[in-house]
Amino acid sequence: MGTDSTPAELTRRLEALESRIAYQEHWLDTLDEAVAGQEQRMSRLERLNALMQERLRDKQRALQEGDATAPEPMDEVPPHY
């Protein structure tokens, strides 16, 4: 930056910088919200995954123990099949 800059030029540059900073702050806030939402979704998916793994282990245990002789209501085929 040279010393030949006019006050009007300096003011214009300062306003441009302020505008860019405000724009970047807005996007940082938007990205922060998106990351927080993804973190919540990931936590829910991890809990669901753990639940499904536990159910799968229970089913495998039941099959190994021979308790799978009687089908559960959700395993039965509907009568129209």
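1. Some vocabulary to start: a helix here is a DSSP run of H or I with at least four residues, numbered from the N terminus. With that in hand, Asp 29 can be placed in helix H1. Keep in mind throughout that this is a predicted model.

2. The overall fold is quick to describe. The chain has one helix and zero strands. That helix, H1, takes in residues 7-65, with Leu 31 among them. Just after H1 comes Gly 66, which has a positive phi, near 80 degrees.

3. I looked at whether the length of H1 adds up. With 59 residues at 1.5 Å a residue, H1 should span 87 Å, and the C-alpha atoms at its ends are 86 Å apart, so the two figures agree.

4. On burial, how much of the chain counts as buried? Of the 81 residues, buried ones make up 0%. Buried would mean under 20% relative accessible area. The accessible surface of the chain is about 7,900 Å², and carbon and sulfur atoms account for 57% of that.

5. There is a nonpolar patch on the surface worth a look in your viewer. Tyr 23, Trp 27, Leu 28 and Leu 31 make it, and its area is about 470 Å². Leu 31, as a member of this patch, sits in H1.

6. A negative patch also turns up on the surface. Which residues gather in this patch of negative charge? They are Glu 25, Asp 29, Asp 32 and Glu 33. Asp 29, the residue from my opening point, belongs to H1.

7. Now the charge pairs. Side chains of opposite charge can pair when their charged atoms come close. Taking a salt bridge as a Lys or Arg side-chain nitrogen within 4 Å of a carboxyl oxygen of Asp or Glu, the count is three salt bridges. I go through them in turn below.

8. Glu 9 and Arg 12 pair through their side chains, at 2.8 Å from N to O. Both belong to H1 and are three residues apart, about one turn of the helix. How exposed is Glu 9? Its relative accessible area is 30%, so Glu 9 is partly exposed. Arg 12 is also partly exposed, because its relative accessibility is 46%.

9. Glu 54 has a salt bridge with Arg 57, and their closest N and O atoms are 3.1 Å apart. This pair, too, lies within H1 at a separation of three residues, or about one turn of the helix. Glu 54 has 33% relative accessibility and so counts as partly exposed. For Arg 57 the relative accessible area is 38%, which makes this residue partly exposed.

10. The remaining bridge joins Asp 58 to Arg 61, with the closest N and O atoms 2.9 Å apart. Again both partners are in H1, three residues apart, about one turn of the helix. Asp 58 counts as partly exposed because its relative accessibility is 35%. Arg 61, at 39%, is partly exposed as well.

Terms used: Residues numbered from 1 in each chain as written. Predicted model: local features only at pLDDT ≥ 70, side-chain atom pairs only at ≥ 80, totals over all residues. Heavy atoms only, no water. Patch = residues over 30% accessible without salt bridge, like charges linked within 9 Å, V, L, I, M, F, W, Y side chains within 5 Å. Areas by Shrake-Rupley, 256 points an atom, 1.4 Å probe, with all protein chains shown as cover. Helix = DSSP H or I, 4+ residues; strand = E, 2+ residues; numbered from the N terminus. Expected span 1.5 Å × (residues − 1). Lys, Arg positive; Asp, Glu negative; His and termini not counted. Charge placed at Lys NZ, Arg CZ, Asp CG, Glu CD. Buried < 20%, exposed > 50% of the residue type's maximum accessible area, 1.4 Å probe, protein only.
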